[in-house]
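This report covers burial, helix packing, cysteine pairs and backbone angles in one chain. The structure comes next, followed by the findings.

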Amino acid sequence: MGSIFWHVLFCTSGVSGMVVEVTGFLDLDSLGVSSSLAISWDDCCVLHPPCLNASPQVFVFGTVTEWLHFYNKGLYCCLWIVNGLLQSTGWPCVVAVMGNWFGKAGRGVVFGLWSACASVGNILGACLASSVLQYGYEYAFLVTAAVQFAGGIIIFFGLLVSPEEIGLPGIEAEENFEEDSHRPLINDAENEDEYEPNYSIQEGSTIAQVKAISFYQACCLPGVIPYSLAYACLKLVNYSFFFWLPFYLSNNFGWKEAEADKLSIWYDVGGIIGGTLQGFISDVLQKRAPVLALSLLLAVGSLVGYSRSPNDKSINALLMAVTGFFIGGPSNMISSAISADLGRQELIQGSSEALATVTGIVDGTGSIGAAVGQYLVSLIQDNLGWIWVFYFFILMTSCTILFISPLIVRETCYLMQRRQAHVLSE
């Protein structure tokens, strides 16, 4: 739903400076709120406010203010803060709900395909905004608010948080029958063969007793800080494409705003394919970091290529899809499958509240990076031009690799050792 805000604001233009400022308020709210609510409330309860309570805010933000011809920057900022507070609680909880239903087996491809919901929403948002823009941008907000409210009603009455609600065994019970079921894809043990499955956050406590963990305990879990920092850099790049791409196409190539809006869909198409395929490969390898590293290295090349795209819509769309594949794909993996891996480690096995907390930390840290990035993109573009914006994206992508480099080295070494052992056994 958030995509319609930005497509409409860019298409109505003249407010790009305000867009950058308010974007910071949108994203800076999400780190502590989502994780704190996830600890205290049921996942289904936390999911209601983003859909039900945010829809009136959407309606007031874009429709009521236009009908009343009341334009106030302070009001827009306040409404956008509320929007960030409400919507930030959604993603950590839906990841927790998905984690309750799907175990390690095939998690990469399942979560990769499922996380495409955000990209599908972007595509639908772009099409919806473009189709009603001719009647006035306030109608895009009106339609969005109605769709969002309807989604909240469906969640309220239809969402099943866990298999236990309908008498089915939980994923932990099913995985107990599988050999080596408790070995997480993310493990800080230096020697994989010495992995000890029976440990907990506090000595003397049992896994079954773990329900919720504190913010500090979640940050201390293996892999949480590296992936959070990496996601801050990667989400900066991904969201910059999401927010700025239609404006860039219109401003740099002189294409019509509606055409630029629809053409930007190809970035999300690449992200959908990339997240699913890379998730599948990581399932096969049983490791995530090496797949991310390769994709991000290729993302640097795709950014260089896209920055030099000619004034041709077909070529631009192709390069855009390739860039989305190598940037949007890893972003979807970190925000979904990898967050689920981090929140389903043996330390906190069986705690959906802990999973939501971990996901909130990863997603919230990424949102801080995205918020700062929107301001920096505007600053760089105004003073240095678009080519330096792409250089900035390349730097942030490289920083993403740097933050997870210890995990990349360790997991790559493990894969090489496993292959050598397999060759020797033959």
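Thr359 is buried, at 0% relative accessibility, where buried means under 20% relative accessible area, exposed over 50%, and partly exposed in between (1.4 Å probe, protein chains only). The residue Thr359 sits in helix 17 (residues 352-383); helices here are DSSP runs of H or I with at least four residues, strands are runs of E with at least two, and both are numbered from the N terminus. Leaving aside residues up to four places away in sequence, Thr359 is in contact with Trp91, Pro92, Val95, Ser335, Ser339 and Gly364. Contact means heavy atoms within 4.5 Å.

The model is predicted: local features need pLDDT of at least 70 and side-chain atom pairs count only at pLDDT 80 or more, while totals for chains, interfaces and linings use all residues. Residues are numbered from 1 along each chain as its sequence is written, and side-chain values use heavy atoms, with hydrogens and water left out.

Ser331 belongs to helix 16 (residues 313-343) and is buried, with a relative accessible area of 2%. Its contacts, not counting residues up to four places away in sequence, are Tyr231, Leu234 and Asn238. The C-alpha atoms of Ser331 and Gly274 are 9.5 Å apart, and the two residues are 57 residues apart along the chain.

For the chain as a whole, the secondary structure consists of 19 helices and zero strands. Of the 426 residues, 55% are buried. Among contacts between residues at least 6 apart in sequence, 82% join residues at least 24 apart. The exposed area of the chain is about 18,000 Å², with 65% of it supplied by carbon and sulfur atoms; accessible areas come from the Shrake-Rupley method with a 1.4 Å probe, and for residues only the protein chains shown count as cover.

How do helix 15 and helix 18 pack, and at what angle? Helix 15 (residues 289-307) and helix 18 (residues 386-403) have axes 10 Å apart, at an angle of about 175 degrees. Helix 15 is therefore roughly antiparallel to helix 18, a term for angles over 145 degrees, with under 35 called roughly parallel, 65 to 115 roughly perpendicular and the rest oblique. The axes are lines fitted to C-alpha atoms over the stretch in contact, and angles run from 0 to 180 degrees between N-to-C directions. On the helix 15 side the contact includes Leu296, Val300 and Tyr306, and on the helix 18 side the residues include Phe390, Ile394 and Thr397. By class, the contact has 13 nonpolar, four polar and no charged residues. Nonpolar covers Ala, Val, Leu, Ile, Met, Phe, Trp, Tyr, Cys and Pro; charged covers Asp, Glu, Lys and Arg; the others, Gly among them, are polar.

The count of disulfides (pairs of cysteine sulfur atoms within 2.5 Å) is zero. Cys233 is in no disulfide, and the nearest cysteine sulfur, that of Cys399, is 4.9 Å away. Cys233 is buried, with a relative accessible area of 9%.

Most residues other than glycine have a negative phi. Two residues with a positive phi are tabulated below.

| Residue | Phi | Location | Relative accessible area |
|---|---|---|---|
| His69 | about 55 degrees | loop between helix 4 (43-67) and helix 5 (73-87) | 58%, exposed |
| Gln286 | about 65 degrees | loop between helix 14 (265-285) and helix 15 | 45%, partly exposed |
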